[in-house]
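The following report concerns packing inside and between the chains of a structure, shown here with its sequence.

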Amino acid sequence: MIEIKKTYKNYVGGKYVRSESGKTYTKELKNEFYELPLTSKKDIRDAVTSSKDGYKKWSSTTPYLRMQILYRLSEMIEGNKESYVELLMHHGLTKQKANKDIDESIQNIVWFAGLADKWEQLAGNLNPVSEEYFNISHQNPIGVVFSLSGSNLSLNELLMSILPALTVGCSVISYSEENSVVALKFAEDINNSDFPSGSLNILSGKFENILDDVSKHVEINLVALHKELDNNGLKSIEENASESVKRVFSQPSIEGLSSILPYLETKTVWHPKGT
Amino acid sequence: MQNNSTVKNSNNISWESVLELIYDSRVDSVGLKERVSSLATRSIKKDSKLQALKMVVSMCDLTTLEGEDTEGKISQMAAKAINPDPSDKEINSVAAVCVYPSLVETAKEKVINSSVKVAAVSSYFPSGQVPMDSKILDTQYAIDAGADEIDIVINRKAFLEGDYRKVFDEIVALKEVCKNVHLKTILEVGDLKTYENIRKASLISLAAGSDFIKTSTGKLSIGSSREACYVMLKAVLDYKSLTGISAGIKVAGGIRDSKDAIRYLVMINEEMGDEWLSPDLFRFGASSLLDDVLKQIKKLKTGAYQAGYYFPRG
Amino acid sequence: MVNWQYLESIESREILNIRSKYTNYIGGKFIEPNSKKYIETISPSTEEVLSKIAISNQNDVNKAVKAARSGFEIWSNLAPYERSKYLFKLARLIQERSREFAVLESLDGGKPIKESRDFDIPQVAANFFYFAGWADKIDLSWSTKGLKPHGVVGQIIPWNFPLLMLAWKVAPALATGNTVVLKPAETTSLTALLFAEICDQAGLPNGVVNIITGDGTTGSLIVNHKDINKIAFTGSTQVGKLIQKSLAGREVGLTLELGGKAANIVYEDAAIDQAVEGVVNGIFFNQGHVCCAGSRLLIQESVHDQFISKLEKRMQALRVGNPLDKNTDIGAINSKEQLNKITNLVDEGVADGGNIFQTECELPGNGFWFKPTLFTDVQPSYSIAREEIFGPVLTTLTFRTPDEAVEIANNTEYGLSAGVWTEKGSKILWTADRLEAGVVWANTFNKFDPASPFGGYKESGFGREGGRHGLLSYLKESS
């Protein structure tokens, strides 16, 4: 009996789409060959358009609701745990390692879900200015984030490249090269949960093809690289980014409160106190 | 005259227009204080200061409003008003003397043949807590006695109860009594408390036909403040841009020294301009201020600080 | 009716002791620049030559960075409490010599003495006081682990608030255990060099604060130095981009505080008289040489005419002239170069079809001056509505609804600050939420405090200065 294999597609604007170029690249994992979408420059532009729209919807979702949507994601992964473990094992992880990866993933989603309605209390504050003014620093999500995920086959690593930005209300374009099979499977759980379309777009391909477009695209507000690039790669990203003062973070911290700080803009509001 | 919305005052402004005016009374107290304190940093020296101090003298309403006032006291004050510093011929007379109605006749006799005017406080100054008929009688009495100017108080009871219409109508009625006699309306800013109230009361008083609006009776611990004056001058300017009428401002109560008086003048100068730098449109209600101003003038001219006994009692 | 003129009331220069030339301050000593090159520094209000300052070359930068590196060994190993005491001491000394600083700042930079005396220098002291207290409380500042200083920080500051920008940079850098190589702007270096004397007076360990003077070339030598760990820059967006590019691919921290084109939104239900004051303060403070200046006035159409008439009247009361006159509201434009830039943009605004109003005032014969200027009938496409003018020039645009106000306000690559004027609380919060700006002043403008974070969105830069957030600009997580 011939096995029916899944066709992997990018996930953009809440829909599964092929690369508009029609191109794929072949990924070999443990003697199996996967045809994965090879994201083009045009695909990136489409993803940014969708992410801008997703940002509007996601950032205006109440923290309480964002928390529940994130928590629901953990429920979905929990429900699909077996299939993730199977996929990871299929690609060479031991059962123990595969289980651990998924357990950690779930734990991290729950952690960030619980942070969704608290981070602003941790990162902002009332400032004691020396005149008759009310002065508060609160935080806005920075906007559209492009996040390059790491090269290990791991749901948890993928999540840690997405969750901090997503938790604070950014929309995320998650881009995977080596980890695409996991990422595109994960897209299914995103699709089945309640994230507004465009808040999380998941793409696969060769990063070098789109490096220039991503770093030059003015409507991407921040580029997070969760993967070590060769120095020339990082240099050209940062050079391109300087043209629009874009924020670039190479291997940002994924620890605790530090993980979310890059994705925040501090907005300080003054108002007089009078009668 | 109550509840008759067609009543118009001498400036021909309907009650509806007044309501529209006061509806937009928004004042931010912090921004207001910052502007006023920034104006207070002006450094006025030498000839500019001398000129200012002479202006202050000419703008003074020399005032005594006490139960103990006698004809003798009024005579002293009138003499001082006419010739504030006998040792300096450059010092002009003050603008007016301000007294209770019962002493208007005496004051009028004493200032005869001078430029000094006689102002009377009426309408049951300082509280105004009597029926309207009494206020009219009080005012009519002062006018009959020869007062050139009448200083009335607004009905704070009605104002704080929200009966702005009553406040307006009373001023309109008293203005009718005054006819051509100069009407100054005292807001008593210390009772009104907020700057928005001061603005509303200013606009009501202006629209009701007051020639001047005045900060205080001088009988409360909170008298005039530069902040209150600023709110009032803005109201005067807005009223002018609406009607073309230039009303005056009198600040009274708590202005003790020359420095403070000059700060008022700076504010008038920069916010209102030359037109208001005149006793016709700006006055200081003063008792102790005048002596300090005279001392400072002398100091500027001689370079030496002066003692109070160089200047005659008022 | 009389015409009452204020006579000049000039702040005395006698308190100053300006040297005929200034060298660099490196490793606790004033030393001759290796370059042997000096340029004259003039007073922009008279074009009088005040002194000469060094133009530092590569060797001078090397020396300064080396001194800062050895200073770092001492400074970062000091007990935090000791660092705190040094900063307190600096703060006190600045307070004590504040009049001297104020007069020098106004003379060298052209800003009114009223501002240097009542705003700049008091804020300088306040910044040192504020960060002094943080020095031994870094562990309490953020619930993130293992924060440590970057090391040697290169700091490049602009000419608009010379000493205040130094304070914004030096105080938090030192409090967090960094050492600095600071380059003031070449037109306004004198107060920084006077500050070097204060460092000496305070007995600050050698190499903790190094001040080298020079132009843009010196600045780029600092940016490109191999042993710098972090760059903090305040200046134009154009230069900021170049710095960001220079640092590409290098492990060097960076914070940028760049240009702005702030919208000052006046709704019809504002307290109009205070809004007029706020708009005037927003654009004419410091001759409009303010990156967060409220240079785009956005007025709701229903109050446009009334507001403009009050604004023009108020502008006419502004006193332009000698910066050392205590009654001056608007001083000199900082340099000839800046004056040309302002003039060109204003000419363009007129050519585009903008309706120009300038106050009637006499400008002094020498020096660089520009009349307070207001443009009405401006379309959002005009360059005066888009480009940072950095001068006393206000551009008016109109809007009909809150949505439209926010849309116009955000229609710029900048995102440093914004103003909102309305007496309706919910509208303030609604608007503030939607403005893409790092600082939103509601019913006020151009307010600063050491405790209040300052910095931009978008192309106005990244990182914050001031407050608890300002500490993060000088700390990194230990890996």
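Which residues does B:Phe284 touch, not counting residues up to four places away in sequence? In this predicted model, B:Phe284 touches B:Val56, B:Met59, B:Cys60, B:Asp61, B:Lys250, B:Val251, B:Ile255, B:Ala261, B:Tyr264, B:Leu265 and B:Leu289 when residues up to four places away in sequence are left out.

B:Phe284 and B:Leu265 are also among the residues with the most contacts inside the largest nonpolar core, a group that further includes B:Ile150, B:Ile249, B:Phe282 and C:Trp4. Helix 11 of chain B (residues 226–243) supplies the largest share of this core, namely 10 residues. The two cores listed here are separate.

| Core | Residues in core | Members, among them |
|---|---|---|
| Largest nonpolar core | 103 residues | B:Ile150, B:Ile249, C:Trp4 |
| Second, separate core | 102 residues | C:Trp134, C:Ile157, C:Ala270, C:Leu475 |

Helix 3 (residues 46–58) and helix 12 (residues 258–271), both of chain B, have axes that come within 10 Å and cross at roughly 90°, which means that helix 3 of chain B is roughly perpendicular to helix 12 of chain B. Helix 3 of chain B contributes B:Lys49, B:Ala52, B:Leu53, B:Met55 and B:Val56 to the contact, whereas helix 12 of chain B contributes B:Ser258, B:Ala261, B:Ile262 and B:Leu265. By class, this contact has 7 nonpolar, 1 polar and 1 charged residues.

Between chain A and chain B, about 440 Å² is buried, with 49% of that area on carbon and sulfur atoms. On the chain A side, A:Tyr133, A:Pro272 and A:Thr275 lose the most area to chain B, together accounting for 74% of what that side buries.

Conventions:
Residues numbered from 1 in each chain as written. Chains lettered and ligands numbered in written order. Predicted model: local features only at pLDDT ≥ 70, side-chain atom pairs only at ≥ 80, totals over all residues. Heavy atoms only, no water. Axes fitted to C-alpha atoms, helices over the stretch in contact; angles between N-to-C directions. Helix = DSSP H or I, 4+ residues; strand = E, 2+ residues; numbered from the N terminus. Parallel < 35°, antiparallel > 145°, perpendicular 65-115°, else oblique. Contact = heavy atoms within 4.5 Å. Nonpolar A, V, L, I, M, F, W, Y, C, P; charged D, E, K, R; others polar. Core = buried A, V, L, I, M, F, W, Y, C linked by side-chain atoms within 4.5 Å. Buried < 20%, exposed > 50% of the residue type's maximum accessible area, 1.4 Å probe, protein only. Buried area = accessible area lost by both parts, 1.4 Å probe.
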